[in-house]
Amino acid sequence: LILGDKTGPHLYHVPTLLRWFPDAKIIHTFRDPRAILASEHKKRITQWQRRTAKARQQGRSLRALLMRLGQPVVSLAIVLYITTAWLRAAHLHYRYKRRYPQNYYLAKFEDLVNQPATQVQALCHFLGLPFAPAMLQPPTVDSSFERTGDNGFDPAVLTRWQGVLTPWMKGWLHLWAGKALKKFGYAP
């Protein structure tokens, strides 16, 4: 029996988890922060716009106006949060890789999509599990975790962020995370 948990904030508690479960395996899933930002920004701004529209429909025009004016502040908060969280995750990667070489594995999303067979086999080796070809055909889900009906890995997801982020967002990430982007192989 193999149990797993995909709770992101557990990354901040790996030393405790490995004290509790010394034989546990930690798989740190990692992705280009620009793609993370594009996804998170789209989701949060859509929610904000829905609330603004609802306020307008309810006749709360002042509230709707204030919410519309507050949207740039929400965008800034999202950018700051994603930048900080990603840089912290990058820092923790180096710490955990050094401290827990037998228990820690970095799985870059981009590598998995570009080289699924190689990456899934390496992951199986790390976990001590047999590889099965069916592992290369996982069900495809959208950002709301709804099945799309497709299977496999879609390389188009790797560059979607490029048409979504504004120039200031890209500039911000390159300013604060440029060095780390290069270290992880994410081209500017």
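Accessible areas here come from the Shrake-Rupley method with a 1.4 Å probe. On that basis, the protein chain in this predicted model exposes about 12,600 Å², and carbon and sulfur atoms supply 59% of that surface. Buried residues account for 31% of the chain's 188 residues.

As for the overall layout, six helices and four strands make up the secondary structure of the chain. Going along the sequence, these elements come in the order α-β-α-α-β-α-α-β-β-α. Taken along the principal axes, the C-alpha atoms fill a box of roughly 60 × 35 × 35 Å. Looking at contacts with a separation of 6 or more, 66% of them are between residues 24 or more positions apart.

Charge is the next thing to look at. The chain carries 27 positive side chains against 10 negative ones, and the centres of these two sets sit 11 Å apart. On the surface, a patch of positive charge brings together Arg19, Arg88, Arg95, Arg98 and Arg99. Helix H3, which spans residues 61–99, gives the largest share of this patch, with four residues. One resident of helix H3 is Arg88. Is Arg88 buried, partly exposed or exposed? Arg88 counts as partly exposed because its relative accessibility is 44%, and the partly exposed class lies between the 20% and 50% cut-offs.

The surface also has a nonpolar patch, formed by Ile2, Ile27, Leu127 and Leu129, and together these residues offer about 310 Å² of accessible area. Leu129 belongs to the loop that links helix H5 (116–127) and strand E3 (139–141). With a relative accessible area of 31%, Leu129 is partly exposed. That value also clears the patch criterion, since patches are made of residues with over 30% relative accessible area.

A charged residue with a different setting is Glu110, found in helix H4 (residues 109–114). Glu110 has a relative accessibility of 11%, so this residue counts as buried; the limit for that label is under 20%. What is Glu110 in contact with, once its neighbours within four places in sequence are left aside? The partners are Phe30, Arg31, Asp32, Leu158 and Tyr186. Gln49, for its part, is 61 residues from Glu110 in sequence, and the C-alpha atoms of the two are 31 Å apart in space.

Note on methods
Residues numbered from 1 in each chain as written. Predicted model: local features only at pLDDT ≥ 70, side-chain atom pairs only at ≥ 80, totals over all residues. Heavy atoms only, no water. Patch = residues over 30% accessible without salt bridge, like charges linked within 9 Å, V, L, I, M, F, W, Y side chains within 5 Å. Salt bridge = Lys/Arg side-chain N within 4 Å of Asp/Glu carboxyl O. Lys, Arg positive; Asp, Glu negative; His and termini not counted. Charge placed at Lys NZ, Arg CZ, Asp CG, Glu CD. Helix = DSSP H or I, 4+ residues; strand = E, 2+ residues; numbered from the N terminus. Buried < 20%, exposed > 50% of the residue type's maximum accessible area, 1.4 Å probe, protein only. Contact = heavy atoms within 4.5 Å.
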